[in-house]
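Work through the exercises below with the sequence and the model side by side. Try each task before reading its solution.

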Amino acid sequence: MSNWNDDEALIEELRAAVASSGAVSEQSRDAARAAFAWRDVDRELEELLSLAHDSSVAEDVLVRGPAGTGTRALAFEGADVGLEVELTGSALVGQVLPGRSCRVVVRSAAGASAAVDVDEDGFFTMIDVPQGTVRFEVALGDTGYATEWVLL
Amino acid sequence: MYQNDNRDPRGTNVRSLVGRVHPSRRENLMDEPSSVPDLVAAARDGDQDAWNAIVDRFLPLVTGVVARHRLFGADAEDVNQTVWLKLVEHLGRLREPEALAGWIATTTRHECLALMRRRQRSSPVDPGSYGAFDRDPEQCDVADDLLREERHQALRDGLRELPEDRRRLLLMLISDPPPSYTEISRTLGIPVGSIGPTRARALEHLRSTGAIRALLTVHGVA
């Protein structure tokens, strides 16, 4: 750390700090402001499925092994519902846990969405998954679950 | 475990406060500052102006951390959007709103590393074609860079905490090109002879602001 006890050093870093705050893109600002529209006022905490595993950030050396296998595994967990998906390119296979028939929607923050029916064992496949920042929504009876946002 | 109360515990009407201060303008360093916990409380209640103020305040931090990872263009925009969506999602569960800068820096770094690892894995043939892989993201100079982004954020936040006269003096002193003491004296209405001592007091005040103290505590310096 540079020495903030020194007046000149502090002034210098203050100058850099204020200068660098001007280097943001308007596109970034617009996207950040627009994110607020996704505020889920009514969603209860127990209806949010958290990312419990992402093979692309796993620290395991074996998982990091040969590059280019191209498949990414994600697992989301909630209080009583789970969701596992494996993505290869823009195709995915997934399972709702515990297995039961329902409907899954993949929704991107850019506005694209794709829906698929889930069979009685909880399995589903999708061949044209929206890209970018997405979340998975699971409709089970009257209850709507949603995963946290994930960048595909 | 989670704080999930939407009301501001002090009962102040944050919405009107935020609305009065900057109805539609972008927040800048000369505005009357709202505290981060106040902004977070108002945003939890659905106040878009408060959210915009949070964005304006912390967007440079997100942009800075992303740039330190050598992510640009569409990748940078993807990470940026993901971080803000995650913050919207977490607004009601932030346990320490005053530590928001740390949460944002950590989340941004995490998303950058995840994206870079995916890119690295899916393009094993020609890693050199992608600038981000010229260097190991976890090597220590990047860590130093990230700490610098947090330091800069703390300095900007600390500046907001200063009384207006001291804030204006410091902003004049760091402007480019630097104005003469005569100009500063004329603009701020203080004698030339007291600019030096006032500058010293303003810097001392800056060191003692909550934002700077919080950063030094987090990094174990204080």
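**Exercise 1. Sort the side chains of strand β7 (residues 123-126) of chain A by face, then find its partner.**

Solution. Phe124(A) and Met126(A) form the covered face of β7(A). Phe123(A) and Thr125(A) form the uncovered one. Strands here are DSSP runs of E with at least two residues, helices are runs of H or I with at least four, and both are numbered from the N terminus. Next, the partner. Strand β4 (residues 91-97) of chain A runs antiparallel to β7(A), joined by four bridges. Two strands pair if DSSP finds at least two bridges between them. Gly94(A) stands opposite Phe124(A).

A note on conventions: this is a predicted model, in which local features need pLDDT of at least 70, side-chain atom pairs count only at pLDDT 80 or more, and totals for chains, interfaces and linings use all residues. Residues are numbered from 1 along each chain as its sequence is written, chains are lettered from A and ligands numbered from 1 in the order in which they are written, and side-chain values use heavy atoms, with hydrogens and water left out.

**Exercise 2. Describe the faces of strand β6 (residues 113-118) of chain A and its hairpin with β5(A).**

Solution. Start with the general rule: in a regular strand, side chains alternate between the two faces of the sheet. In β6(A), Ala114(A), Val116(A) and Val118(A) point to one face and are buried (under 20% relative accessible area; exposed is over 50%, partly exposed in between; 1.4 Å probe, protein chains only). Ser113(A), Ala115(A) and Asp117(A) point to the other face and are not buried. Now pair the strand. Six bridges join β6(A) to strand β5 (residues 102-108) of chain A, and the two run antiparallel. Val105(A) stands opposite Ala115(A). Four residues lie between the strands of this hairpin, where Gly111(A) takes a positive phi near 110°.

**Exercise 3. Which residues does Leu10(A) touch, beyond those up to four places away in sequence?**

Solution. Locate Leu10(A): helix α1 (residues 7-20) of chain A. Its relative accessibility is 1%, so Leu10(A) counts as buried. The residues touched are Trp4(A), Leu155(B), Leu203(B), Leu206(B) and Arg207(B). Contact means heavy atoms within 4.5 Å. Leu203(B), Leu206(B) and Arg207(B) are among the buried residues of α9(B).

**Exercise 4. Is His152(B) buried or exposed, and what does it contact?**

Solution. His152(B) sits in helix α6 (residues 140-161) of chain B. Its relative accessible area is 5%, so His152(B) is buried. Leaving aside neighbours within four places in sequence, His152(B) contacts Glu13(A), Ala16(A), Ala17(A) and Ser20(A).

**Exercise 5. Classify two helix packings, α2(A) with α4(B) and α7(B) with α9(B).**

Solution. Axes are lines fitted to C-alpha atoms, for helices over the stretch in contact, and angles run from 0 to 180 degrees between N-to-C directions. Under 35 degrees counts as roughly parallel, over 145 as roughly antiparallel, 65 to 115 as roughly perpendicular, the rest as oblique.

- Helix α2 (residues 26-34) of chain A and helix α4 (residues 73-90) of chain B cross at roughly 25°, their axes coming within 9 Å. Therefore α2(A) is roughly parallel to α4(B). The contact involves Gln27(A), Ser28(A), Ala31(A) and Ala32(A) of α2(A), and Glu77(B), Asn80(B) and Trp84(B) of α4(B).
- Helix α7 (residues 164-173) of chain B packs on α9(B) at about 105°, with axes 10 Å apart. Therefore α7(B) is roughly perpendicular to α9(B). From α7(B), the contact uses Arg166(B), Leu169(B), Leu170(B) and Leu173(B).
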